[in-house]
Amino acid sequence: MDAGIAVVLGAVSAAIGTGSGALFTAWAQRNSAATNARAEHLRQRREPRETSYRELGTAVNVLLTLFANPTESLTFTREYEVRVKEAVESIAGRSVDVSLKGPPPVAEAAEKVIGDSRAVLRAYQNAFIAMSAAVDAGGRGETIPARLSDIINPLIRDLQGSLHSADESLNEFLALARIALDDDGTR
């Protein structure tokens, strides 16, 4: 009888070992399949995101390039204002695209980019209005303030600050975009 019990116990332990091994294998395969599916999903989303991120970055660079040397030669004309507006509108459209494609941290950074870009436009328009008013007053023979620079310089500094903020928000956006593009779903 002792040999019979040993055979039965041996068979039971073999069955338990085989069953638990099969369960562990099934769990590991299921977990691996889920991870692979997530990674594949992220790979499929990466290319459209990369394109959107690149287009937004390029659009912001176009705006910043319009003001490459703001202290040396800043242009105040209606044509230049139109170029600035078009650049900001381009950024706004691309920002919406990025917001739709996500992920949330990148979408939030894109919103900051468009906000800072709009601030550049407002600062440019404020300086342009002040410059135009001074030129118009001089053309009509009116007295131009003796210290026109006291009026214009703060507006130019505001424009420079807006440009700096736009550049910083672009860099933050690009850093978050790189992180999002590097995410392969395995973490």
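This passage describes the fold, the nonpolar core, the largest pocket and several individual residues of a predicted model.

The chain contains four helices and zero strands, and from the N terminus on its elements follow the order α-α-α-α. The helices are H1, spanning residues 2-66, H2, spanning residues 78-101, H3, spanning residues 104-139, and H4, spanning residues 148-182. Of the 187 residues in the chain, 29% count as buried. The area exposed by the chain is about 11,500 Å², of which 57% is supplied by carbon and sulfur atoms. When contacts with a separation of 6 or more are considered, residues 24 or more positions apart account for 82% of them.

The interior of the model can be described through its largest nonpolar core, which has 38 residues, with Leu63, Phe67 and Phe173 having the most contacts inside it. Each of the helices H1, H2, H3 and H4 supplies at least two residues of this core, and H3 gives the most, with twelve residues. In soluble globular proteins, nonpolar side chains tend to be buried together.

Phe173, one of the residues with the most contacts inside the core, touches Tyr53, Leu56, Val98, Val106, Ala109, Ala110 and Val113 when residues up to four places away in sequence are not counted. Leu56, which is among these partners of Phe173, lies in helix H1 and is buried, with a relative accessible area of 0%. Once residues up to four places away in sequence are set aside, Leu56 touches Ile91, Arg94, Ser95, Val98, Ala110, Val113 and Phe173. For the pair formed by Leu56 and Val98, a sequence separation of 42 residues goes with a C-alpha to C-alpha distance of 7.7 Å.

A charged residue is also found among the buried positions, since Glu81, which lies in helix H2, has 8% relative accessibility and therefore counts as buried, the cut-off for that class being under 20%. Apart from neighbours within four places in sequence, Glu81 is in contact with Tyr124, Gln125 and Phe128. The C-alpha atoms of Glu81 and Phe128 are separated by 8.4 Å, although these two residues are 47 residues apart along the chain.

The opposite case is offered by the nonpolar residue Ile179, which is found in helix H4 and has 55% relative accessibility, so that Ile179 counts as exposed under a cut-off of over 50%. Between the C-alpha atoms of Ile179 and Val106, which are 73 residues apart along the chain, the separation is 9.1 Å.

The largest pocket contains about 170 Å³ of space. The elements that give two or more residues to its lining are H1 and H4, and the largest share, six residues, comes from H1. The lining consists of Glu50, Tyr53, Arg54, Gly57, Thr58, Asn61, Leu170, Leu174, Ala177, Arg178 and Leu181. By residue class, this lining divides into five nonpolar, three polar and three charged residues. Tyr53, one of the lining residues, is also among the residues touched by Phe173.

A further local feature concerns the backbone, where a cis peptide bond joins Gly102 and Pro103, with omega at about 0°. Pro103 has its place in the loop between H2 and H3.

Terms used. Residues numbered from 1 in each chain as written. Predicted model: local features only at pLDDT ≥ 70, side-chain atom pairs only at ≥ 80, totals over all residues. Heavy atoms only, no water. Buried < 20%, exposed > 50% of the residue type's maximum accessible area, 1.4 Å probe, protein only. Contact = heavy atoms within 4.5 Å. Areas by Shrake-Rupley, 256 points an atom, 1.4 Å probe, with all protein chains shown as cover. Core = buried A, V, L, I, M, F, W, Y, C linked by side-chain atoms within 4.5 Å. 1 Å grid on protein atoms, 1.4 Å probe; cavity = no way out; pocket = protein on both sides within 12 Å on 5 of 7 lines; lining within 4 Å. Points joined across faces, edges and corners; volume = space filled by probe spheres on them.
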